[in-house]
Structure formats: structure tokens, C-alpha cells
Amino acid sequence: NSYFYMSIKAKYLGEFESEIIFENQLKIKTNSNRNLHDSCEQTKPSNLLSASLACCISTTLGIILEKNNIESKSFYVDIISKSDVQNNKISTLHCKICLPLIKKLKIKNFIKEKIESSFISNSLKESINISYEYIFNR
């Protein structure tokens, strides 16, 4: 088996705020205060899970589309997260993937296979119910 290691540091800043620092020094601030709405400068820590899945799907999809000479800038991924507050966890992630019109069934099936077996999807499968919806625009 081959493994990839990375380091992410997190610091508690006080008053429900934390800061995540990646190896490349990128910083993201989170706020766990349930009374605050998300701002453009902070997000809830649990939102990072959905963001990670959306980014992984988007990157996987973009690479597949580019390699098949299909317009890769007109698609988007929308993740809808459902939380089970009573059990203190994210219970469901619904992935709505809007793509350009793709006529070849082989490519459509390849996209579905790769997205649903992506790194993040595989990592979450056992603990979170993940559903996928594909919309091929005309």
C-alpha cells in the first residue's frame, strides 16, 4: 500500500472560533456558534466536509471533461447537507451535478463511476448516506 501524508494544524482562537492552517499556509477560519449565520469570512467546521466532497467531485469531473474535449467550465456541483442534530452528525449528503450535454453513454457512465468512487466519496461511504443526481443540460 502507498500512503500520502499531509499536515493540517488547527488553533482555537476563542469565542467558538478556530483557524485551520494548511501546509501551504492557507488559512480558513471556522465558527461553531450555532447562533451565528455563515459569513463570507468564516464557515462552520461541518461545512468543510461538504466543501471537500464538492471540490473533489468538481476536480474529478473537470479532468474527465477536459480529457474528452468537452466544455469543462459550464458545469457545477451543488452539495446539500442534512444534519442529524440529535445524534450530532451529518447524516446525508446529496450531490447535484449539473453537466453539459454529453451524448456518449460510455462517457456518462465513466463520469458516474469515477465520481462515485472518488477519494472523498469512498472515505465517507461507510458513515454518511451519499446520493448523486446527474443533470445533463441541453
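Which residues form a nonpolar patch on the surface? They are F4, M6 and I8, with about 370 Å² of accessible area together. This is a predicted model, in which local features need pLDDT of at least 70, side-chain atom pairs count only at pLDDT 80 or more, and totals for chains, interfaces and linings use all residues. Residues are numbered from 1 along each chain as its sequence is written, and side-chain values use heavy atoms, with hydrogens and water left out.

**Overall layout**

- The protein chain has 3 helices and 7 strands; helices (H or I, at least four residues) and strands (E, at least two) are DSSP runs, numbered from the N terminus.
- Along the sequence, the pattern of the protein chain reads β-β-β-β-α-β-β-α-α-β.
- Taken along the principal axes, a box of roughly 55 × 35 × 35 Å is filled by the C-alpha atoms of the protein chain.
- The protein chain has 138 residues, of which 32% count as buried; buried means under 20% relative accessible area, exposed over 50%, and partly exposed in between, with a 1.4 Å probe and protein chains only.

**The nonpolar core**

- The largest nonpolar core has 27 residues, and I57, I97 and I111 are those with the most contacts inside it.
- At least two residues of this core come from each of α1 (47-67), β5 (76-84), β6 (89-99), α2 (105-116), α3 (119-124) and β7 (129-136).
- Helix α1 supplies the largest share of this core, 7 residues.
- For the term itself, a nonpolar core is a set of buried Ala, Val, Leu, Ile, Met, Phe, Trp, Tyr and Cys residues joined through side-chain atoms within 4.5 Å.
- As a general point, nonpolar side chains tend to be buried together in soluble globular proteins.

**Surface patches**

- Patches are made of residues with over 30% relative accessible area and no salt bridge, where like charges are joined within 9 Å and nonpolar side chains (Val, Leu, Ile, Met, Phe, Trp, Tyr) within 5 Å.
- A salt bridge is a side-chain nitrogen of Lys or Arg within 4 Å of a carboxyl oxygen of Asp or Glu, and accessible areas come from the Shrake-Rupley method with a 1.4 Å probe, with only the protein chains shown counting as cover for residues.
- In the nonpolar patch, M6 belongs to the segment before β1, and M6 is partly exposed because its relative accessible area is 47%.
- A patch of positive charge also sits on the surface, where K9, K11, K27 and K29 gather.
- The elements giving two or more residues to that positive patch are β1 (8-14) and β3 (27-31).
- Within the positive patch, K27 is in strand β3 and counts as partly exposed because its relative accessibility is 48%.
- Lys and Arg count as positive and Asp and Glu as negative, while His and the chain ends are not counted; the place of a charge is taken as NZ of Lys, CZ of Arg, CG of Asp or CD of Glu.

**Backbone points to check by eye**

- Most residues other than glycine have a negative phi.
- Q25, in the loop between β2 (17-22) and β3, has a positive phi near 75°; Q25 counts as exposed because its relative accessibility is 54%.
- N69 also has a positive phi, near 55°, and is a residue other than glycine.
- N69 is placed in the loop between α1 and β5, and is exposed, with a relative accessible area of 74%.

**Distances across the fold**

- Helix α1 holds S52, which is partly exposed at 30% relative accessibility.
- From S52 to K103 the C-alpha separation is 29 Å, and these residues are 51 residues apart along the chain.
- S58 is also found in helix α1, where it is partly exposed with a relative accessible area of 28%.
- The C-alpha atoms of S58 and Y76 are separated by 7.1 Å, with their positions 18 residues apart along the chain counted as the sequence distance.
- E133 lies in strand β7 and is partly exposed, with a relative accessible area of 31%.
- E133 and K67 are 22 Å apart in space, C-alpha to C-alpha, and 66 residues apart in sequence.
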